[in-house]
Amino acid sequence: MSSENGKRLLETDAGGLNFEATELTLGLPGEPRVTSDGGAKLGSKRGFSETVDLKLGDNNQEVKLGHSLQEAAKSPVSKTQVVGWPPVRGFARRGKKSCKYVKVAVDGAPYLRKVDLEIYNSYQQLLTSLEDMFSCFTIRNYLNEKKIDQVNGIEYMPTYEDKDGDWMLVGDVPWQLMKSSEAVGLGLKTAPKYSSTN
Amino acid sequence: MNYFPDEVLEHVFDFITSHKDRNSVSLVCKSWYKIERYSRQRVFIGNCYSISPERLIARFPGLKSLTLKGKPHFADFNLVPHDWGGFVYPWIEALAKSRIGLEELRLKRMVVSDESLELLSKSFVNFKSLVLVSCEGFTTDGLAAIAANCRFLRELDLQENEVDDHRGHWLSCFPESCTSLISLNFACLRGEVNLGALERLVSRSPNLKSLRLNRAVPLDTLQKLLMRAPQLVDLGIGSYVHDPFSEAYNKLKIAIQRCKSIRSLSGFLEVALHCMSAIYPICGNLTFLNLSYAPGLHGNKLMKLIQHCRKLQRLWILDCIGDKGLGVVALTCKELQELRVFPSDPFEAGNAAVTEEGLVLVSAGCPKLNSLLYFCQQMTNAALITVAKNCPNFIRFRLCILDPIKPDPVTNQPLDEGFGAIVQSCKGLKRLSLSGLLTDQVFLYIGMYAEQLEMLSIAFAADSDKGMLYVLNGCKKLRKLEIRDCPFGDAALLEDVGKYETMRSLWMSSCEVTLGGCKSVAEKMPSLNVEIIDESEQMEFNLDDKQKVDKMYLYRTLVGHRKDAPEYVWIL
């Protein structure tokens, strides 16, 4: 997660479309993307990042794969689309149909995270989860229990950006309402000096 | 055979219900053919283009129940254009004009228009049962016609259809006099329903055994419905979200406890994890649990639910259950026969997926397992060999590794040996779907050992024509073969064209077969329709025989070329 790696990725961007940089992966941004075999990436990610933009019934886009999948893997620029794979009916009706991903940014952290608000049932669950994610910081519980960051003594307040673009303190609006309509992005802002510590 | 009068033979034939057996009976002699055809009430047509409605009506004047299938299986995965065919209207029109007293119609992968539903509803006085699976082309207006006009309707079962929901009051169209409903399934509808009408309908349906609700039916309505129908055997819950401290939830708990007959549970299209304990009282009797539309149900709550289901025979679940969760299934569900694990996030492999470990656990813990559909991150040969040893009774084995050409991650080898073990061990295997890195070798095994195989699905596999040849030569009972993205060409296709007459159909897309090869099949076998599906307009301008064909679908038929094909389908 060093900024060095991050820079390296950006540099390879120059001069052309580099889909690798925008590919979805599980690792944190900046992590090197090598697979166990080191070579042509035939790992599971390859197949999907290409099908994110699945064109239903658009057969003109269909490209013969199989052996050509090997070639495609070697040249990351030619993103092939696999119509009809995986063979699951219901065009992802089964999947997380109602999922509300929001970006979470923490003051001072080098990277953002994404959380799906749909999987939480209460503010408490969300805050606990955020604490796990950003374990190097501590987050003030919205019910006003003060938590102090052990390392640098700075307290963080959970905030979110609502649909008007204003930064709001988490907790004022009932959970369901915030989840469904208000939250655009979550942030953890450093508390103003006068309310920290104690 | 001549000793018995016809009536006696007819009575004997009444006991013969399977289609295959009745078909065999009709081939014995002319007299048996005649008796059988007059007494036949149920007919199954696996490919609606293999025969015409007129010939059906002529042969079976006593027809009461008709099952029709339209599009090829790969249509489920968007490989077949929407208007390819499979229209039911001509069938209903022909039946309506005849004197057939149709009572039941079951359709799969067909195009069903509102006009056809309306005609159906008005043409058959005793019509009782409509089952639509994976169909499209109709709206809730068509359903309104069925509701309004079928006075003795017992069953309206809509499974996974694409319905244009006009949010009309189709449920209100059931007249007050309609009290005959036994089964009502509208889970696939996306729109609002008239909740009051639904409650009244359920109240006046004392024979209602199966009720599957859609997402728009909230928990407090569910509670009212259950109070009115404690005799339910099969329940599909729509929305299951509520405050666990509310009055409605308490009432629901009481209502559920009265439903002592529920054996099958599905739905949970929207779910709140903290309300699951209300369901526990009925879990102990469940034989079928379908949570494949409930991505909100996962983790410990899901585990706890499953731990209550000791009598489960069929489980449909999402892969967010994880290998650990499958371990719980293995420990709890000793009666399990069928397991389906669907991908919750097909296009983004994540932590919420299963691997070979989960499958091995289930195979070890559930000795009665005979039917599998498993979407997973990875698979190993060792695991498949173990599964084959643990469960020699597989009838259906469908494995889908999300990366279609992924090898065994431990050995980096193809999965030939693993699948080979499955076909060698499971002597009763009728249906097989393969995935992962596979060479010609796996097809050699399939040809050698899969003697009962009827349906085979292949994708991104094999090295050469030999693969396809092994299968065509070896699998004597093969009925349906569907292939995509494999290097099979004309040599394989043309080796034994007579074989295709013994099968229902063959699908090949993104393979190496050429236009010339397909033409050759069509020439040699007039009893087959050989269809080329190509939407790219290439076919119009470039009729070079050496050109590779995008999609080919061939099937045996008694009635020649169909007349309803769209312009991008060429029937050779």
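Guide: Contact here means heavy atoms within 4.5 Å. Keep in mind that this is a predicted model. In chain A, take the contacts with a separation of 6 or more: residues 24 or more positions apart account for 50% of them.

Visitor: What order do the elements of chain A run in, from the N terminus on?

Guide: The order is α-α-α-α-β-β-α-β-β-α-β. That gives chain A 6 helices and 5 strands.

Visitor: How much of chain A is buried, and what is its accessible surface?

Guide: Of its 198 residues, 38% count as buried. The accessible surface of chain A is about 11100 Å², and carbon and sulfur atoms hold 54% of that.

Visitor: Now chain B. How do I read a pair of strands, say E2(B) and E3(B)?

Guide: Look at direction and bridges. Strand E2(B), residues 65-69, and strand E3(B), residues 104-108, run parallel and are joined by 5 bridges. Ser65(B) has Glu104(B) as its bridge partner in E3(B). Between the two strands the chain passes through helix H5(B), residues 89-97, in a right-handed β-α-β crossover.

Visitor: Which strand does E3(B) pair with next, in the parallel sense?

Guide: Strand E4(B), residues 129-133, again over 5 bridges. Leu105(B) is matched with Leu130(B) in E4(B). Here the chain crosses through helix H6(B), residues 114-123, and this β-α-β crossover is right-handed.

Visitor: Is strand E18(B) enclosed or open, and why?

Guide: Count its buried residues. In E18(B), residues 455-459, 5 of the 5 residues are buried, so the strand is largely enclosed by the rest of the structure. Check both faces too. Met455(B), Ser457(B) and Ala459(B) point one way, Leu456(B) and Ile458(B) point the other way, and all are buried.

Visitor: Which strands pair with E18(B)?

Guide: One is E17(B), residues 431-433, parallel over 3 bridges. Ser433(B) stands opposite Ser457(B) there. Strand E19(B), residues 480-484, also runs parallel to E18(B), with 5 bridges. Ala459(B) has Arg484(B) as its bridge partner in E19(B).

Visitor: Which helices make β-α-β units with these strands?

Guide: Helix H17(B), residues 440-449, makes a right-handed unit with E17(B) and E18(B). Helix H18(B), residues 465-474, makes a right-handed unit with E18(B) and E19(B).

Visitor: How many residues of helix H13(B) are buried?

Guide: 9 of its 11 residues, so to speak a mostly covered helix, at positions 322-332. Among the buried ones are Gly322(B), Asp323(B), Leu326(B), Val328(B) and Thr332(B). The cover includes helices H12(B) and H14(B) and strands E13(B), E14(B) and E15(B).

Visitor: Which residues have the most contacts inside the largest nonpolar core?

Guide: That core has 187 residues, and Leu66(B), Phe186(B), Tyr240(B), Ile279(B), Phe397(B), Ile446(B) and Tyr500(B) have the most contacts inside it. Apart from it lies another core of 15 residues, including Phe288(B), Trp316(B), Leu318(B) and Ile405(B).

Visitor: What does Tyr500(B) touch?

Guide: Leaving out residues up to four places away in sequence, its contacts include Met468(B), Leu472(B), Leu493(B), Val521(B), Leu554(B) and Arg556(B).

Visitor: How many disulfides are there over all chains?

Guide: A disulfide is a covalent bond between the sulfur atoms of two cysteines. A search of the whole structure finds 0. Take Cys376(B): the closest cysteine sulfur, in Cys400(B), is 7.4 Å away, too far for a bond because the cut-off is 2.5 Å.

Visitor: Which is buried and which is partly exposed, Cys29(B) or Cys376(B)?

Guide: Cys376(B) counts as buried, at 1% relative accessibility. Cys29(B), at 29%, counts as partly exposed.

Technical notes. Residues are numbered from 1 along each chain as its sequence is written. Chains are lettered from A and ligands numbered from 1 in the order in which they are written. This is a predicted model: local features need pLDDT of at least 70, side-chain atom pairs count only at pLDDT 80 or more; totals for chains, interfaces and linings use all residues. Side-chain values use heavy atoms; hydrogens and water are left out. A nonpolar core is a set of buried Ala, Val, Leu, Ile, Met, Phe, Trp, Tyr and Cys residues joined through side-chain atoms within 4.5 Å. Buried means under 20% relative accessible area, exposed over 50%, partly exposed in between (1.4 Å probe, protein chains only). Helices (H or I, at least four residues) and strands (E, at least two) are DSSP runs, numbered from the N terminus. Accessible areas come from the Shrake-Rupley method with a 1.4 Å probe; for residues, only the protein chains shown count as cover. Two strands pair if DSSP finds at least two bridges between them. A crossover is right-handed if, with the strands pointing away from the viewer, the path from the first strand over the helix to the second runs clockwise.
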